[in-house]
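Visitor: Could you walk me through this one and tell me how each label is earned?
Guide: Sure, let's have a look.

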There are 2 protein chains.
Amino acid sequence: MTHTRSRLDRGRNALGPALELVHTGRAPTRAVLTTELGVTRATAGAVATELATLGLITVDPRPGTATGSQGRPSHRLAVAEDGPVALAAQVHTDGYRAALVGLGGRIVATAPACEAVDPDPAQVLGEVVAAGAGLLRETGRRCIGAGLAVPSAVAEPEGTALNPLHLPWPAGAPVREIFNRCLTEAGVPVEGHCGNDVNLSALAEHRHGAGQGAAHLLCVATGHRGVGGALVLDGRLHTGSSGLALEVGHLTVDPQGRPCHCGSRGCLDVETDPLALLEAAGRRPGPEGSLLDQAGALIGAEYPTDDAVRDATRQLIDRLGLGLAGLVNILNPDRIVLGGLHRALLLADAPRLRAVVAERSLWGRGGSVAILPCTLDHGSLVGAAELAWQPVLDDPLALAVTAG
Amino acid sequence: MTHTRSRLDRGRNALGPALELVHTGRAPTRAVLTTELGVTRATAGAVATELATLGLITVDPRPGTATGSQGRPSHRLAVAEDGPVALAAQVHTDGYRAALVGLGGRIVATAPACEAVDPDPAQVLGEVVAAGAGLLRETGRRCIGAGLAVPSAVAEPEGTALNPLHLPWPAGAPVREIFNRCLTEAGVPVEGHCGNDVNLSALAEHRHGAGQGAAHLLCVATGHRGVGGALVLDGRLHTGSSGLALEVGHLTVDPQGRPCHCGSRGCLDVETDPLALLEAAGRRPGPEGSLLDQAGALIGAEYPTDDAVRDATRQLIDRLGLGLAGLVNILNPDRIVLGGLHRALLLADAPRLRAVVAERSLWGRGGSVAILPCTLDHGSLVGAAELAWQPVLDDPLALAVTAG
DNA sequence: CCGGATTTGTTCACGGGCGTCACAAAGCGA
DNA sequence: TCGCTTTGTGACGCCCGTGAACAAATCCGG
């Protein structure tokens, strides 16, 4: 069909920013869109109708809740419920997962999680892409791109997984290349993007979670082992010149601490992860559940009652605080979002953590940094989708061209 | 006079980027300007003539050295020799200095340096501004703005000097406010900007020195005491959310090291500054010359011959390397420029420093980071001028308006 | 010495994209 | 019901760029 597109004579340059505003929930109505874009109502109107004809957003003329008390109520804008989706995939220590994610970070469909990781990346990515392709067939959705989150630093521009430490994969595996080959073989003709899972969680938190509105957002998270960090500057993920920024695991937080595989002692990596908590509390790792789950359960259940758990938790909080203070001194973010065990530590005793960070950073001005727990359930998946959506957010019109 | 401006009907948006290209020496001819801007020859021509009528650049139709071997030689572009200037000022431990700086980072005039710092900031800034105003009168140049470099973190948006540790000033002194008041009183009706001296040096090195072309530039420098850092991302100084980023002095580089006033031990600040070198080499600070000069002279004169000096230098190099590796892991820059004593350490044994950084960063990929000595003589002054020039670089036409 | 090849500077018409303005539409309150 | 306020929409014009044509300057080969 020869797609009868409205001949757009305005708003071409504002199309991307406008879509991003609706995508992140910052433009609930056309009036807000007008002010946020800093354009006239005429242009904002053209932009909204264009995005609607592209099938990306919906414009609902019904009144709804008025913006102010007076005047004509503005049309309501929302992400299209049945619009295109991104194929999102995630590989972690215990298995992998696939999902379809629409605009607004909405998870539209999820494939059943798998709980084993093959030592051959191509095998794993083949399976997870096949699962995603299955979801696309079932739902009949159009796919605009694919994203993959891996628990490893991803080197740019090669797209290789440099240190998949907690995965049985070889260091330097060309994950993006493999991912794209799997996509082609599965009959999903889109470009695949790859990123570190903590980085992508951070991106997701910034757009749809606890990081919304932060100008300089720092995320730090523990998975099952090790610590990862991420930085979102002015809405863009900062991955450094070769994709390897924010490898924060080897900040020294205890000069007399445990030896680390990096050769030093007392690195954040080995002092604030789940195993460190279990050891400090005098517990042995149990056979059931991941280390993260065990450590989290321990804090949740016994922090108020068990002295050893309380002392261990506080010790980790103090060390995490030292590490965060070091990062605050270097990066000066206006918000910190914590994930994994670090989130649990924050929830256990937020005042203590905030006090340590404030005391040791920026001459006492570190207290101006907000420290929050992450809020998204599947941040890595949503973040992987963000990666896939980015080209559309940058130039929504490209969709119409490729629709041909 | 009613400035007969050419009625500009093109190139308005490209004016700023074009000026920046000429300013940083990346557009020596009009042909290069055309390709760098990504516009047509017609637009580039209009832009060049407009910048010339504004008195900011000169367009020299003489052949000069041809770009390629064939074809008509392109007109040569250069910063106007007699164009407007910025008033640049610097306060450091031993005194202060004032200069006029034109586009291209050219120091046009310098006032004699003064070698004492009064405990009252208003007194010092009044004197230095008066010196700058004197230069303006002598040269008859038009002044487009003023910039001040101070050896302290400068909080944004307040413009206060948070930790003038090596200055007899109170912490939190409102230097920008004072600076602007002094400018008004001295009859220099321009806006004054303030920044940390290392930050401004970094900006200057990025635009006119060893940092040219770097996408992510990290600068680390020692002054007379203490260590400062700065980061230039995509051509813009990254000062964090409140201006306090890159306070890198308290990275731990020796867990058993000297106690630091921050409460920790073995911080970069106290392990790699001039006093640390003198102590490690078993020398006492002499009465003559600054600590930096003494330490630098010691390395320069006795590194090859004196065992104690060599060992001390190597010790500092190793610790500096550790600190830089930590920063590389967090920031992943593509270039590092070192100043002050760190520059001397690099020049003494570059292979050793590079090896330490490479070994301890990014799983051995840290070797891809170029480490260079800074090249500008008065980086802080030039950087202060950059701050003042920035509004003009962002919108050159504003000059014509205020020229009335 | 001269004519093509090549690259650059200049002029002019054209058009895309956005603001301005006027008017209609849709709610609220007296 | 009549203002008052705010929002959506269309006509018009301006700004700022492209594209094409032509002139200018230099190199190269004969």
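**Core, DNA and domains**

Guide: In this predicted model, the largest nonpolar core has 257 residues, and A86(A), A384(A), A86(B) and A384(B) touch the most other members.

Visitor: What makes A384(A) a member of a nonpolar core?
Guide: Membership takes a buried residue of a listed kind, Ala among them, joined to others through C-beta atoms within 7 Å. A384(A) counts as a member, so it is buried, with 20 or more other C-beta atoms within 10 Å of its own.

Visitor: And which residues does A384(A) touch?
Guide: Leaving aside residues up to four places away in sequence, A384(A) touches A88(A), A89(A), Q90(A), G147(A), L148(A), A149(A), G195(A) and L200(A).

Visitor: Why are G71(A) and R72(A) said to surround DNA strand D?
Guide: Near means a C-beta atom within 6 Å of the strand, so both residues meet that cut-off. They are among the closest of 29 residues, along with R12(B), N13(B) and R72(B). By class, that surface has eight nonpolar, 14 polar and seven charged residues. Its largest share, three residues, comes from α3(A).

Visitor: How do you know that domain 2 and domain 3 of chain A touch, with 27 Å between their centres?
Guide: Contact is judged by C-beta atoms within 7 Å, not by centres, so the 13 residues of domain 2 in contact with 16 of domain 3 settle the matter. On the domain 2 side, β7 (154-155) and α6 (197-208) of chain A each supply at least two residues. That side has seven nonpolar, four polar and two charged residues.

Technical notes:
Residues are numbered from 1 along each chain as its sequence is written. Chains are lettered from A and ligands numbered from 1 in the order in which they are written. This is a predicted model: local features need pLDDT of at least 70, side-chain atom pairs count only at pLDDT 80 or more; totals for chains, interfaces and linings use all residues. A residue is buried if 20 or more other C-beta atoms lie within 10 Å of its own, exposed if 12 or fewer, and partly exposed in between; C-beta atoms are placed from the backbone. Two residues are in contact if their C-beta atoms, placed from the backbone, lie within 7 Å. Helices (H or I, at least four residues) and strands (E, at least two) are DSSP runs, numbered from the N terminus. Ala, Val, Leu, Ile, Met, Phe, Trp, Tyr, Cys and Pro count as nonpolar, Asp, Glu, Lys and Arg as charged, and the others, Gly among them, as polar.
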